[in-house]
Amino acid sequence: MANCFAATFRVIASKSSLTYRTLEVDCELEVDVGESKKPWMARCHLKVRLAGSSNGERALRLLEKVSGQCLIHQSVKTETRYSFEVVP
């Protein structure tokens with residue numbers, strides 16, 4: 001899920017001409033066992049840190065936009081939370 005978020009952000013940032021130095025995405029995943037005794041991804045917390053952005057406010061808006069556009073996130077039933085940090 002972290003890779004999907006990062007890839008989607010890179011595409012949108014590029015098309016929006018947003019430059020940045022580094023993008024870090026960490027994922028804390030909680031796996032649970034369902035009624036069928038099969039494991040599934042119950043919850044995911046993505047912690048996103050963007051450094052060296054050319055425009056911090058715009059970068060934050062794009063990060064929020066990506067959270068609703070990532071294909072994998074849209075295709076799973078996992079409860080997903082996001083934490084965004086934009087630093088100079």
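Guide: Angles between axes under 35 degrees count as roughly parallel, those over 145 as roughly antiparallel, those from 65 to 115 as roughly perpendicular, and the rest as oblique. The structure discussed here is a predicted model.

Visitor: Why are helix 1 and helix 2 called oblique to each other?

Guide: Helix 1, residues 2-15, packs against helix 2, residues 56-66, at an angle of about 130°, and their axes are 10 Å apart. That angle belongs to none of the ranges for parallel, antiparallel or perpendicular, and the two helices are therefore oblique to each other. Their crossing is right-handed.

Visitor: Which residues of helix 1 and helix 2 meet?

Guide: From helix 1 come Phe5, Thr8, Phe9, Ile12 and Ala13, and they meet Ala59, Leu62, Leu63 and Val66 of helix 2. Sorted by class, this contact has eight nonpolar residues and one polar residue, with no charged residues.

Visitor: What makes phenylalanine 5 and tyrosine 82 an aromatic pair, and how are their planes arranged?

Guide: A search of the whole structure finds four aromatic pairs. In the one formed by phenylalanine 5 and tyrosine 82, the ring centres are 5.9 Å apart, and rings pair if their centres lie within 6.5 Å. The angle between the planes is 35°, whereas stacked would need under 30 degrees and edge-to-face over 60, so the pair is tilted. This pair links distant parts of the chain, with phenylalanine 5 in helix 1 and tyrosine 82 in strand 3, 77 residues apart. Ring pairs also link Phe5 and Tyr82 with Phe84 into a cluster.

Visitor: How do you know whether phenylalanine 5 is buried or exposed, and what is said of tyrosine 82?

Guide: Buried means under 20% relative accessible area and exposed means over 50%. Phenylalanine 5 has a value of 0%, so phenylalanine 5 is buried. Tyrosine 82, with a relative accessible area of 25%, falls between the two cut-offs and therefore counts as partly exposed.

Visitor: What is noted about the phi of serine 17 and of lysine 37?

Guide: Most residues other than glycine have a negative phi. Serine 17, although not a glycine, has a positive phi of about 60°, and lysine 37, also a residue other than glycine, has a positive phi near 70°. Serine 17 lies in the loop between helix 1 and strand 1, while lysine 37 lies in the loop between strand 1 and strand 2.

Visitor: Why is serine 17 called exposed, and why lysine 37?

Guide: The cut-off for exposed is over 50%. Serine 17 has 59% relative accessibility and so counts as exposed, and lysine 37, with a relative accessible area of 69%, is therefore exposed as well.

Key:
Residues are numbered from 1 along each chain as its sequence is written. This is a predicted model: local features need pLDDT of at least 70, side-chain atom pairs count only at pLDDT 80 or more; totals for chains, interfaces and linings use all residues. Side-chain values use heavy atoms; hydrogens and water are left out. Axes are lines fitted to C-alpha atoms, for helices over the stretch in contact, and angles run from 0 to 180 degrees between N-to-C directions. Helices (H or I, at least four residues) and strands (E, at least two) are DSSP runs, numbered from the N terminus. A crossing is left-handed if the near helix is turned anticlockwise from the far one by less than a right angle, and right-handed if clockwise. Contact means heavy atoms within 4.5 Å. Ala, Val, Leu, Ile, Met, Phe, Trp, Tyr, Cys and Pro count as nonpolar, Asp, Glu, Lys and Arg as charged, and the others, Gly among them, as polar. Rings of Phe, Tyr and Trp (its six-membered ring) pair if their centres lie within 6.5 Å; planes under 30 degrees apart count as stacked, over 60 as edge-to-face and the rest as tilted. Buried means under 20% relative accessible area, exposed over 50%, partly exposed in between (1.4 Å probe, protein chains only).
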